[in-house]
Amino acid sequence: MVEVNLWSGLRAFADGKDCVEVDAKNVGEVLSALVEQYPGLEHVIEAGVSVAVDGKVIASGLTEPVKPDSEVYLMQQLKGG
Amino acid sequence: MAFDDTKTEDFKVVGQRVKRPDGVDKVTGKAKFGADAVAPGMLFAAIVRSPHAHARIVKIDTSKAEALSGVKGIVTRADFATGLTGGDLDVLENVMAGEKALYDGHAVAAVAATSQLIARDAAKLVEVEYEVLPHVTDVDKAMAADAPVIREGAADQSVPEGMHANVVRYHESGHGDIEAGFAEADLVVEDSFKTEATHQGYIEPHACLAQLGGDNKGELWCCTQGHWNVQKLCAAMLGLETSQLRVTASEIGGGFGGKTAVFIEPVALALSRKTSRPVKLVMSRSEVFRATGPTASTSMDIKIGMKKDGTITAGQGTFRLQGGAFPGAPMEFTAMCAFAPYNLQNVKQVGYDVMANRPKQAAYRAPGSPMAAFAVESVIDELCKKLGLDPIEVRLKNASKQGTKASFGPTWDRIGLVETLEAAQSHPHYSAPLKEGQGRGISCGFWFNHGGETSVTLALSEDGTAQLSVGTPDIGGSRASMAQMAAEELGIPYENIRTTIADTATLGYNEVSHGSRVTYASGLATIKAARAAVKILCARAAAKWGIDEDAVVWENGCAKPSGPNAGEFDPLPIDKLTRSMGRTGGPIVGHFEATPEGAGVSFATHIVDAEVDKETGQTKVVRYTVVQDAGKAINPAYVEGQFQGGAAQGIGWALNEEYIYGEDGRLQNSVFLDYRIPVASDLPMIDTVIVEVPNPGHPYGVRGVGETSICPPLAAIANAVSNAAGVRLKELPMSPPRILAALEDQANNG
């Protein structure tokens, strides 16, 4: 299982939690598992998110690996000017 | 992306100040920009724009315009695709109004004619009947209970119940116990700040030439930061198959984020399809101001607690951003960047995305971050003054570093904030004496940087030179830096590489030139493509020598046996291998396609000296130093140029630039005479210091530099001006009337 930290504005869609556990081996599985466990998060993930894995911000890659002891943060989708 | 073949030293071409290959063409007028494109039988277009900030479109009568000799076609919203949703619908709604005009300058129709003059005259003959509606342009007023609703149902699920319908997105993040943090502090400072919308001020207005047939196959030439994005959006707006529209990017006269969107391109394509003629559409400066994408305006509340020794115990920020009549103001970046430079145990940031009757905001260098720095760094400066602490020492004491936790959550990898602060502290500027009436300010700034989808091809020519095709428009000298990286890998002179910005039919998808990603992502792809070509060269040499491919190495532009055991052969230079490539296996081409995810973040520290005339309120920036982490400067001259450009734009944003709306909701200053951007005589020489803390996610350690340079200026200048004037300036721009008002307020109220 992997601990996924949510930004606090998402607590309303995750039963009041800002840290949840999912069974996943990569970023894509993390996002799918989040939607499965907390359907309220679907609109957020569909709109686009980035995922920070062990300090590295993954802007879009779903195949980036995630380990059970990885530090994982869901983040707003990064863009720029 | 991990690199087992990272190179950090012994560079031969990388790090040199080579001249950009497009420089001569640009200064002699030979370079072809968006408005330079022509085609036989070309028509000229003009757009009919709303004079109202908010109005229902009751009726559009085009009969008089159509009757004008030379008019070949008119389009309205009815000529675009239907059934779009989400972001695509918002883009179309902005490109061409549907039921309502949502801001002054919103496009409602467009005309194509045989001359520009006829097109403009015909546009005036298009009769639009409006039902004028109440409007709002200020962010705080747009959130108030009595504000007119701009678009019903635009809010997403993140918005808490009870908010006004103009609040369309909400963000909240942070960690720790914010109240306990404030209780630990010896001093808590709380204040509110506002910034006005500014424009990127690129010198080249938007321009394009479109050709689209009834068979829905088309060509588009335009000035853009990302032509694959233009292709995708235009295909959606016009109901085309994406691959049937080929888009070529012209040279670009500045973008800074403002050319990451489409405004006129779908309109020109629709007119072309309707008239069966090529259509050219060029914006005027006034149209650029009224109807492209300025940055968001903001209203912010900041509260920070500090101990007497300078330790920050808690930080809290509320950020309200107005991004025009559509969702998308970058409040989440404002929130996430606000406290990023500091290692805080207790931090909370809240953001609101608010709609108002203004043009849809677009990105502008590190969207959202400069405003956050202005507010947070102003309060830190105030705390330092009140506690008698050195502002750099305080920032060093609290600085984010590898292993500390970012204000938005993750643990930092290797970052270079401390190095920029130490470099600033030891710079002669920081200890130089100030004259009477002058003040000094410093600020830190942060931006994430970005990777993104990237595709590059490197083809070797028979003479041993190379053609490099990249898909990211060159907005800051990237052709030079790409060629430097290719030359470094191939071991050939920089001049032997020609870099071309390829069209959408030539390469795989390339994300926009944004997010400071080009030198990082296209650079990484260039290195990988060159290494792929080198692998083929080594294989050809191995075949010629009859040895194993692994027994060949590439050094200084030659294939060589890897050691004595590999055999004794004279080195084979690149041109000997390429001259025979047609007979030894065919053309030698390296390519690389990926979405690099290792863009390293970047920090900067700026030092500013400013002088304030207390009688007139006029401010002059007298000395400016930029210190920024570039990871590895591929071409130091262009890195310094990015540093200086960010500072120059920041000076304009801080002191003079602003969108001014009248009571009628119309933009009052839509030309450069009234919208005051800094010119050379307004600026001091901007000194630069390049810090190089390598990014582990790039083979040479590159970090993007284009955006971070605009993060600290607003705050650093505000701190300098406040120290010079003797009063805290809380609203941007710090124009003479605002400075005089602040001085008067201080005199009256203490």
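Here is a short talk through a predicted model with a chain A and a chain B.

Hi everyone, and thanks for coming. Please keep in mind throughout that this model is predicted.

Let's start with chain A. How many helices and strands does chain A have? There are two helices and five strands. Reading from the N terminus, the elements follow the order β-β-α-α-β-β-β. Chain A has a radius of gyration of 11 Å, close to the 12 Å that the globule rule gives for 81 residues, so it is as compact as a globular protein of that length. If you prefer to think in box dimensions, the C-alpha trace spans about 35 × 30 × 20 Å along its principal axes. Of those 81 residues, 42% count as buried. And if you take the contacts in chain A with a separation of 6 or more, 50% of them come from residues 24 or more positions apart.

Now, how do the strands of chain A pair? As a reminder, strands of a sheet pair through backbone hydrogen bonds, either parallel or antiparallel. Strand β1 of chain A, residues 2–5, pairs with β2 of chain A, residues 19–22, in the antiparallel sense over four bridges. You can find Val2(A) with its bridge partner Val22(A) there. β1(A) also pairs with β5 of chain A, residues 72–76, this time in the parallel sense over two bridges. In that pairing, Asn5(A) has Tyr73(A) as its bridge partner.

Next, where the two chains meet. On the chain A side, 22 residues are in contact with 36 residues of chain B. Which elements of chain B give two or more residues to this side? They are β7, residues 167–175, and α10, residues 331–338. β7(B) provides the largest share, with five residues. By type, the chain B side divides into 11 nonpolar, 17 polar and eight charged residues.

Let's move further into chain B and look at a sheet. It is an open sheet of four strands in the order β16-β24-β25-β26, with mixed pairing. Why are β16 and β26 the edges? Each has a single partner strand, so one side of each is left without a neighbour in the sheet. From one strand to the next, the twist averages 15 degrees. Helix α19 of chain B, residues 713–725, packs on this sheet and touches β16, β24 and β25 of chain B. The direction of α19(B) makes about 160 degrees with that of β16(B). As for the strands themselves, β16(B) pairs with β24(B), residues 602–612, in the antiparallel sense over 10 bridges. To see one spot in this pairing, look for Gly445(B), which stands opposite Ala604(B) in β24(B).

That brings us to the core. In soluble globular proteins, nonpolar side chains tend to be buried together. Here the largest nonpolar core has 265 residues, and among those with the most contacts inside it are Ala45(B), Val267(B) and Ile717(B). Helix α16 of chain B, residues 518–545, contributes the largest share of this core, 14 residues. What does Ile717(B) touch, leaving aside its neighbours within four places in sequence? Its contacts include Gly441(B), Val608(B), Val621(B) and Leu655(B).

Now compare two residues. Is Phe592(B), in strand β23 of chain B, buried or exposed? Phe592(B) has 21 C-beta neighbours inside 10 Å, and 20 or more is the cut-off, so Phe592(B) counts as buried. Beyond four places in sequence, Phe592(B) touches residues including Val456(B), Ala525(B) and Lys528(B). Pro428(B), on the other hand, sits in helix α14 of chain B, residues 428–431. Pro428(B) has 8 other C-beta atoms within 10 Å and is exposed. In space, Pro428(B) is 10.0 Å from Thr625(B), C-alpha to C-alpha, with their places 197 residues apart in sequence.

Finally, some backbone details. Most residues other than glycine have a negative phi, and most peptide bonds are trans. With that in mind, Leu732(B) and Pro733(B) are joined by a cis peptide bond, with omega of about 0 degrees. Pro733(B) is in the loop between β27 and α20 of chain B. Phe256(B) is not a glycine, yet has a positive phi of about 55 degrees. Phe256(B) lies in the loop between β11 and α8 of chain B, and counts as buried with 26 C-beta neighbours inside 10 Å. Ser276(B) also has a positive phi, of about 60 degrees. Ser276(B) is in the loop between α8 and β12 of chain B, and with 14 C-beta neighbours inside 10 Å counts as partly exposed.

Thanks for listening!

Conventions
Residues are numbered from 1 along each chain as its sequence is written. Chains are lettered from A and ligands numbered from 1 in the order in which they are written. This is a predicted model: local features need pLDDT of at least 70, side-chain atom pairs count only at pLDDT 80 or more; totals for chains, interfaces and linings use all residues. The radius of gyration is taken over C-alpha atoms; the globule rule is 2.2 Å times the number of residues to the power 0.38. A residue is buried if 20 or more other C-beta atoms lie within 10 Å of its own, exposed if 12 or fewer, and partly exposed in between; C-beta atoms are placed from the backbone. Two residues are in contact if their C-beta atoms, placed from the backbone, lie within 7 Å. Ala, Val, Leu, Ile, Met, Phe, Trp, Tyr, Cys and Pro count as nonpolar, Asp, Glu, Lys and Arg as charged, and the others, Gly among them, as polar. Two strands pair if DSSP finds at least two bridges between them. Axes are lines fitted to C-alpha atoms, for helices over the stretch in contact, and angles run from 0 to 180 degrees between N-to-C directions. A nonpolar core is a set of buried Ala, Val, Leu, Ile, Met, Phe, Trp, Tyr and Cys residues joined through C-beta atoms within 7 Å.
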